[in-house]
Amino acid sequence: MGPETSLFTMALGLQAPWSVTDVRFDAKLKEIHFDVRFKAGSRFACPSCGAADQPVHDTRPRTWEHLRFFEHKAFIHAAVPRVACGQCGKTGQVPVPWARSGSGFSQLFDAFVIALAREMPVKTIADLLDIGDDRIWRVLEHYVPAARAEEDFTDVTAVGIDETASRRGHNYITLFHDLNVGRLLFACEGRDADTVQAFAKDLREHGGDPNLVTAACIDMSKAYIAGVGRHLPEAAITFDRFHVIQLANAALEEVRRAEIREKPALKNSRWMWLKDKHSWTKRQIHQHHELSRMHLQTGRAFRLKETLRDIFITATTREEADAQLAAWFRWARRSKLAPFKKLALTLKAHWYGILNGFDSALSNGSVEAINGLIQAAKARARGYRKPQSLILMAYLIAGNLSHLPASPYTTTSGGGRA
């Protein structure tokens, strides 16, 4: 073995009986090729039954793409042995240490693809690496489910449930989050009660117990309420405060749209009314000052919305929140604003679950943040043809999967990123 082949044997992390026997460089194609061989007379374990010290029956030529060396594509070539097992009588191909079975990439190449997929669309990765995007998806479809299978959900006691659009129209996936640690636990198509049943099944498969889930933070969907009641029977429902404020914003916008016909000055003011007043720009402060002189219904609706928001910020106990919400309920019912009168009745119908939030201090704020990351990934990819592709990426981005292969460029000092 020459010095260059010894060097590349170490660079590829090979150990006996494997070694690099030749290195070939194609300047025209900008490719480097490594020929890897096993030592003559080597014996291997049977891939079927594991019996050790089995003789080589024959070999099959195989090629794998590896990480690039500088700007050059790199390929590993090897004659892979098959052993004829004297124990089980089967003849099978020996797994090689640098690649998973059936893959056309080295394991380090796979790990690099996974690291890139967390940050950029699959199509961009395919163009960058000059390979088909279907091959990228096959890498992700192998490693992500395999990593999820190793996850332990035994400590899950509080879950956040939310939906996100998978495609335009009425196509949704439901996402189940561990609110204690901020990770995506499970995702599936649909947004009905059956999604909770599917989550409970998946939770059991990962060592968790649906009966140990004591809190579920959801929106006011009847389907989710029914699903939690049936499949997470010990979970106290908390209605997400962010969803309550979204309902108030929707009621406010309904008032503005109805009034704008008579008050054209309300045009181009939507975002000012929907934002927290503490986040207004100077222009929006001036805009509100001018509109407030007109004694608008929209202004009253805004005060109702802001007061409701303040209750969730300032109330420190369930009893305090109960009293403040009761006062707000009476105000909203007397407001002569139909959308807010309707909203007040909606909140009254879900009163207990809203107050639970002041005991549990749970909210889907982290869920909304994670969903934002998932939607950003979808936007970068300009959408996914299949909901399962979005679910796969959601697990990769938000699942905190600890059993994925580490990026080959992660530093050992702790300063790098996987």
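Which residue follows H3, and what sign does its phi have? Select Asp130: this residue comes directly after H3, and its phi is positive, near 60°. Helices (H or I, at least four residues) and strands (E, at least two) are DSSP runs numbered from the N terminus.

Before going further, note that this is a predicted model, in which local features need pLDDT of at least 70 and side-chain atom pairs count only at pLDDT 80 or more, while totals for chains, interfaces and linings use all residues. Residues are numbered from 1 along each chain as its sequence is written, and side-chain values use heavy atoms, with hydrogens and water left out.

**Helix H3 and its surroundings**

Step back from Asp130 into H3 itself (residues 122–129), and pick out Val122, Ile125, Ala126 and Leu129, which are buried, that is, under 20% relative accessible area, where exposed means over 50% and partly exposed in between (1.4 Å probe, protein chains only). These four residues lie on the same side of H3, because they cover an arc of only 100° around the axis, the arc being that of the directions from the helix axis to the C-beta atoms. Now display what covers the buried residues of H3, which includes E3, E4, helix H2 (107–117) and H4.

Two of those elements, H2 and H4, pack at an angle of about 95° with their axes 10 Å apart; axes are lines fitted to C-alpha atoms, for helices over the stretch in contact, and angles run from 0 to 180 degrees between N-to-C directions. H2 and H4 are therefore roughly perpendicular to each other, a label given to angles of 65 to 115 degrees, with those under 35 counting as roughly parallel, over 145 as roughly antiparallel and the rest as oblique. Gln107, Asp110, Val113, Ile114 and Ala117 in H2 are in contact with Ile136, Val139, Leu140 and Tyr143 in H4, where contact means heavy atoms within 4.5 Å.

**Strand E4**

Select His77 next, in strand E4 (residues 72–84). His77 counts as buried because its relative accessibility is 18%, and its side chain makes a polar contact with the side chain of His33 at 2.8 Å. A polar contact is a pair of N or O atoms within 3.5 Å; within protein, one must be able to donate a hydrogen and the other to accept it, and residues adjacent in sequence count only if both atoms are side-chain atoms. Leaving aside residues up to four places away in sequence, His77 also touches others, among them Arg24, Phe34, Arg62 and Trp64.

**Salt bridges**

The structure holds 20 salt bridges, each a side-chain nitrogen of Lys or Arg within 4 Å of a carboxyl oxygen of Asp or Glu. One of them joins Asp58 to Arg82, with the closest N and O atoms 2.8 Å apart. Asp58 lies in strand E3 (residues 56–69) and Arg82 in strand E4, so the pair ties together parts that are 24 residues apart in sequence.

Move on to Glu151 and Arg183, whose side chains meet in a salt bridge (3.3 Å, N to O). Glu151 sits in the loop between helix H4 (133–149) and strand E6 (158–167), and Arg183 in strand E8 (residues 183–189), so this pair links parts 32 residues apart in sequence. Both Glu151 and Arg183 are buried.

**Two loops to finish**

Select Phe70 in the loop between E3 and E4, where phi is near 55°, a positive value in a residue other than glycine. Phe70 is exposed, with a relative accessible area of 77%. Finally, go to Pro17, in the loop between helix H1 (3–11) and strand E1 (18–26): the peptide bond from Ala16 to Pro17 is cis, with omega near 10°.
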